[in-house]
Amino acid sequence: TPGQPIGIGMDFGHTPTAVVGQEEQGHVKVFGAMCMKGAGVAQLIPSYLQPWLARNMPWSRQGGDITFFCDPQGEVGSEENIDQSAVNTIRNFFPDARVELGPRQWPPRKDALITGLERHDGLLIDPVECEDLIKALNGRAYYPTSHTDTQRSDNQKKPNHPWEDYIDSLCYLLFGLGIGTSWTDMNSWEKVQVHRSALRMGARR
């Protein structure tokens, strides 16, 4: 929606991923999700993200309405150039945009995801532009299990590209838009009952 702030959740690494959405009265609308295998954020932005924004949100080209909610690992400089990080690359492409770092811990990101999925019409996902994100939510991203089908960890199965990257990007977006409880209140996680099927829940759309 023109005039409304745009949020973009970003996960980095060699499968950089972006999830684009807006929050309106407690509802998050996810309009686009994209990733690029075997690349970096410097390739994802001009190849996928900027063309997508030009087609779907042309008023946002300079980034003044955009806030990037990013994997905190993105502020770490490269081995070749300590001043060249994924976050700085975003700032080079979108000089007017805001960039915020998401939490390193999985529980606050998971809480944002669960809250968005469980809230009535809390998460509305475009079925065409976000096809792979929906696949990730419907089971391509999952918790690791043992040979007896017992959950072995409360963290996502990794590596599991690109599905883990779609989930992480969505989590950064939701957390950045204020969905879920404050991650600084670690006692709040006791109130969140997370089942093995949490990442298998179909997104409402």
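## Exercises: pocket and cores

The lining of the largest pocket is made up of six nonpolar, eleven polar and two charged residues. The model is predicted.

**Exercise 1.** Describe the largest pocket by its volume and by the residues closest to its centre.

*Solution.*
- Start with the volume: about 460 Å³.
- Next, take the lining, which has 19 residues.
- Closest to the pocket centre are Phe12, Gly13, Val41, Ser85 and Ala86.

**Exercise 2.** Which helix gives the most to the lining of the largest pocket?

*Solution.*
- List the helices that supply at least two lining residues: H1 (41-56) and H2 (86-93).
- Then pick the top contributor: H1, with three residues.

**Exercise 3.** Find the residues of the largest nonpolar core that touch the most other members, and trace where the core comes from.

*Solution.*
- The core holds 27 residues.
- Val30, Leu133 and Leu170 touch the most other members.
- At least two core residues come from each of these elements: strand E3 (27-35), helix H3 (106-118), strand E6 (123-125), helix H4 (131-140) and helix H5 (163-176).
- H5 provides the largest share of this core, eight residues.

**Exercise 4.** Which residues does Leu133 touch, leaving out those up to four places away in sequence?

*Solution.*
- Leu133 touches Val19, Val30 and Ala33.
- Leu133 also touches Ile125, Tyr166 and Leu170.
- Two of these names, Val30 and Leu170, appeared beside Leu133 in Exercise 3.

**Exercise 5.** How many residues make up the other core, which lies apart from the largest nonpolar core?

*Solution.*
- The other core has 25 residues.
- Among them are Phe12, Leu49, Ala86 and Ala97.
- Now look back at the pocket: Phe12 and Ala86 are among the residues closest to its centre.

Notes. Residues numbered from 1 in each chain as written. Predicted model: local features only at pLDDT ≥ 70, side-chain atom pairs only at ≥ 80, totals over all residues. Heavy atoms only, no water. 1 Å grid on protein atoms, 1.4 Å probe; cavity = no way out; pocket = protein on both sides within 12 Å on 5 of 7 lines; lining within 4 Å. Points joined across faces, edges and corners; volume = space filled by probe spheres on them. Helix = DSSP H or I, 4+ residues; strand = E, 2+ residues; numbered from the N terminus. Nonpolar A, V, L, I, M, F, W, Y, C, P; charged D, E, K, R; others polar. Core = buried A, V, L, I, M, F, W, Y, C linked by side-chain atoms within 4.5 Å. Buried < 20%, exposed > 50% of the residue type's maximum accessible area, 1.4 Å probe, protein only. Contact = heavy atoms within 4.5 Å.
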